[in-house]
Each structure stands twice: as C-alpha cells, then as structure tokens.
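Work through the exercises below with the coordinates open. Try each task before reading its solution.

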Amino acid sequence: MSKANEVIENIDAGEFSDVDGLIQSSIEQDDDQTQFSLAETLLSRGLSVQARVVYEALLVHYPDEGQILSRLAEIAVSDGDTDKALDYITKIEPDDDSYAESLLVSADIYQSQGLYEVSEQKLLTGIRTFQDEEVFKFALAELYFDENKFDKALTYYNILLDAGIDNYSGISIDLRKASSLAGSGEYEEAISEFEQLNAIELNEDAQYQLGFLYNQVKDYNKSVKVLEQLLDINHDYPTAYSILVDNYLNLKKNDEAFKYAQLGLNLNELDENLYMIAFEAGTADNLDEALALMSTGIKKVENPLPLIVKLSDFYITRGRFKNNLDLLDGMDLSNNPKLTWNLAKSYYETDNQKLAQDNILLVFDEFKDNLDYLSDVIEILRSSGNKEVLKVALQMYLKLSPDDIDMQELLEQI
C-alpha cells in the first residue's frame, strides 16, 4: 500500500495524529503521479494546508508545471495571499494546458483588488484565445455587472442566451439580463424580462427589483402587490418598506403608508429616508405619532440634519413657530442657511424683532434670488427702520417679480 493511501485511510478513520508524518513519507517514497493524486484528494476535501505541502514538494521537480502552479495559486487565494497567487499564475505560459485557468484566476484576483481594467484585459484575452470557452464570456459579463457597466454586461449575457445558455454556475442569465436592463434605466424592458422569470428565478431580490421597477413606472398597484407578496414570505426585507410607503402615498392611502413606515422602522430604526416618508405619510391623520417618530429619528440617525430641516419646515408652514424655536434651541446653524431663515421667521412671528433681523440677514447671499425669502426680509425690515437694506431687498424682489404692484408702492414710499 502506498503512503498516499495510508494518508487517506487515516483521514477517513478520523485519525489525524499521523497524517502529517504520512504525507512526508509519501513525498519521500511515492511516485510523482501518486503524490499529485494525493494532493488533489486532499484539496477536494478542504485540507488545503496539507495539499499545499505536497504541491510545493512537486513544484521543486516540476517548476513550470501549470497545473501545480494553478493549484498553489488557488490555495494562496483562499489564504488571502494574492501576491503569492499572482506570482504562481504569472509563471504559467500560454502554451500550457492550465493557461485558461490561470487567466480566470488572475482576473478574479485583480477584480478583488479593484483593478477592474486589468481583470477585464485578462478575460478578453481568454475570449480571444479560447473562443469556445463560454466561461470567459460569463466572467466578463459578471465583471461588468459588478462594476455597474450594465450595457456592456448585457452584451455578453445576450451572447450566452443566444448560445442557449440560460444558467451558468447556478446563476440565472435571464435574471442577470433583467437586472442589467433595470440598471441601465430601461425599466419597461426590464419589467418584461422579470415577468417572464420562473418561480425559482423570481427570488426575493428579484421580487424586490420588480416591485421597485413598477414603482418607477408609476404602476403603484402592481408594485404594492409584488412587494406585499415578498413581505408575506420575508417580513424582514427592510428596503421593501420604503417603496411600499411611497406606493401608498401616491395612491392617497396615507394610513397604509404610515403603517408600513412604522413596520419598516421597527426593522431599521436608523433609516433616515423612512423617517422622512413616514412623517409625510402620518401628518394628515396620525400627526402626534408622526411627530413622535420624527423626534425619535432625530435622536437616532447618524446624520439628523435632513430630518431637522423637514420638521422645521413643517413647523413653519403650520405656523407652529414656538415649536420651531424649541427644536432649534442651542443648535449650531452656521452651516445651514435654511434653518437660519426658519429661525428668523420664528423669532419674527413670536415678536422678537431684533433676533429676527439679525438672523434673516445672515443668509442674504444664499437666498437673494428667492422670492419667498426676499418677501420675509422685507416684512421683517419694514418695522426695523433699516431702510437702506429694505430698499436693496425691494429692488432685488422687483427684479425677480417686476409686476408686483404692492412692492412697487412700498419702494416708492421709502
């Protein structure tokens, strides 16, 4: 019995204490083909450390053997040592039987390093050199897909489909095509492709994409149907909730929108966008709950400024100026002109003329072309006695709206 067979017998029996010693004995006593078969068996069983020992021993005698170099590169990749993997791969010559595999492995390594152009060139070389090997076309399509170069990906997915290949390595080419069309903004064509997928291909992610696409083409009822079916299967699919809320808002079903917003926030309390649309959905019929949600969001999300601006704008439009002052109390507004404007308006409406004027003029340059802002400036300055700035504001306002008779008359009175 060869030492290689003893190695495998011990492994099968769960006796690993003598394995390393038996492997060394195999290297010393067994012929090269037996050693190579042992290395292949070890690798197939996931024992890459032991397999590497045998391959490295063989490499001493066969330094240019592509199959050995390729296996060692594969092990180095799994160990995270891409430099060593590339060192092995680059030694494989184009006339070697393992050259095709070396191109694929090197392309994968370069892609993992973010060197997409180098990876692309390796795969294009494979397509030119091995024209009958569909794996290179599939790998290139996947590379483009991962880079969001969906038009290029479509070219190669279509080549595969034209060749009668609709599934490769367990990946549905039809689904990839549909997703690429969606990524290219060809929503109607993408929907048509998604609708033709079978039940296996239309997995949870595909259902979400289809629901999203229906939303984008404003077919809100179909989007609702698909996404609610998805949530029936997996209610922990967080991104589906914001699309459902948007659907129901567009369908004027605010209660349903607010319900799904709350459910979504139960899953992800850090979703800034969901707080936004939850607030929009709830202000009509569930105002107290919507305000409470917004307050929670401001405390929890990483960047609460958009939520603060939205809530501040709400208070201003609803005439809740004291609430707005409470919201902005103690806040550094130096980098947010809109909140400074809102603060000034709130001071004015609560009879604090001095602070209103001070704040409204802080953001004059940012909003000097905004009629609503200029109207507020004029209103605040009319009772301040600051006629010089009031005159400038009136002139700028009339430049934007020259037919406003009231403003013309006010300017003439100064």
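**Exercise 1.** Which residues does aspartate 30 touch, not counting residues up to four places away in sequence? Place the residue and classify its burial as well.

Solution. The model is predicted.
- Step 1: locate the residue. Aspartate 30 sits in the loop between α2 (19-29) and α3 (32-44).
- Step 2: list the contacts. Leaving out residues up to four places away in sequence, aspartate 30 touches Ser2, Lys3, Ala4, Ser25 and Gln35.
- Step 3: check the side chain for polar partners. A polar contact of 2.6 Å links aspartate 30 to the side chain of serine 26.
- Step 4: classify. The relative accessibility of aspartate 30 is 13%, so the residue counts as buried.

**Exercise 2.** Describe the overall dimensions of the protein, and decide whether it is spread out or compact.

Solution.
- Step 1: count the elements. The protein has 26 helices and two strands.
- Step 2: apply the globule rule. For 414 residues the rule gives 22 Å, but the radius of gyration is 34 Å, so the protein is more spread out than a compact globule.
- Step 3: take the spans. Along the principal axes, the C-alpha trace covers about 110 × 45 × 40 Å.
- Step 4: add burial and contacts. Of the 414 residues, 44% count as buried. Among contacts with a separation of 6 or more, 46% join residues 24 or more positions apart.

**Exercise 3.** Analyse the aromatic pair of tyrosine 99 and phenylalanine 130, then that of phenylalanine 145 and tyrosine 157.

Solution.
- Step 1: get the total. There are 16 aromatic pairs in the structure.
- Step 2: take the geometry of the tyrosine 99 and phenylalanine 130 pair. The ring centres are 6.3 Å apart and the planes stand at 45°, so this pair is tilted.
- Step 3: map that pair onto the chain. Tyrosine 99 belongs to helix α7 (residues 99-112), and phenylalanine 130 to the loop between α8 (116-129) and α9 (134-146), so the pair ties together parts 31 residues apart in sequence.
- Step 4: compare burial. Tyrosine 99, at 14% relative accessibility, counts as buried. Phenylalanine 130, at 22%, counts as partly exposed.
- Step 5: turn to phenylalanine 145 and tyrosine 157. This pair is edge-to-face, with 6.3 Å from centre to centre and 75° between the planes.
- Step 6: map again. Phenylalanine 145 is in helix α9 and tyrosine 157 in helix α10 (residues 150-162), so the pair ties together parts 12 residues apart in sequence.
- Step 7: burial again. Phenylalanine 145 is buried at 17% relative accessibility, and tyrosine 157 is buried at 0%.

**Exercise 4.** Which charged residue lies over the face of phenylalanine 145, and what covers the buried residues of α11?

Solution.
- Step 1: find the charge. Arginine 176 lies over the ring face, 4.7 Å from the ring centre of phenylalanine 145.
- Step 2: place arginine 176. It is one of the buried residues of α11.
- Step 3: assess the helix. In α11 (residues 173-183), nine of the 11 residues are buried.
- Step 4: name the cover. It includes α9, α10, β1 (167-168), β2 (171-172), α12 (187-195) and α13 (204-216).
- Step 5: inspect the ends. Serine 172 caps the N-terminal end of α11, with a side-chain oxygen 3.4 Å from the backbone nitrogen of aspartate 174. Glycine 185 follows α11 and has a positive phi near 85°.

Terms used: Residues are numbered from 1 along each chain as its sequence is written. This is a predicted model: local features need pLDDT of at least 70, side-chain atom pairs count only at pLDDT 80 or more; totals for chains, interfaces and linings use all residues. Side-chain values use heavy atoms; hydrogens and water are left out. Rings of Phe, Tyr and Trp (its six-membered ring) pair if their centres lie within 6.5 Å; planes under 30 degrees apart count as stacked, over 60 as edge-to-face and the rest as tilted. Helices (H or I, at least four residues) and strands (E, at least two) are DSSP runs, numbered from the N terminus. Buried means under 20% relative accessible area, exposed over 50%, partly exposed in between (1.4 Å probe, protein chains only). A charge sits over a ring if NZ of Lys or CZ of Arg is within 6 Å of the ring centre and within 35 degrees of the ring normal. A polar contact is a pair of N or O atoms within 3.5 Å; within protein, one must be able to donate a hydrogen and the other to accept it, and residues adjacent in sequence count only if both atoms are side-chain atoms. Contact means heavy atoms within 4.5 Å. The radius of gyration is taken over C-alpha atoms; the globule rule is 2.2 Å times the number of residues to the power 0.38.
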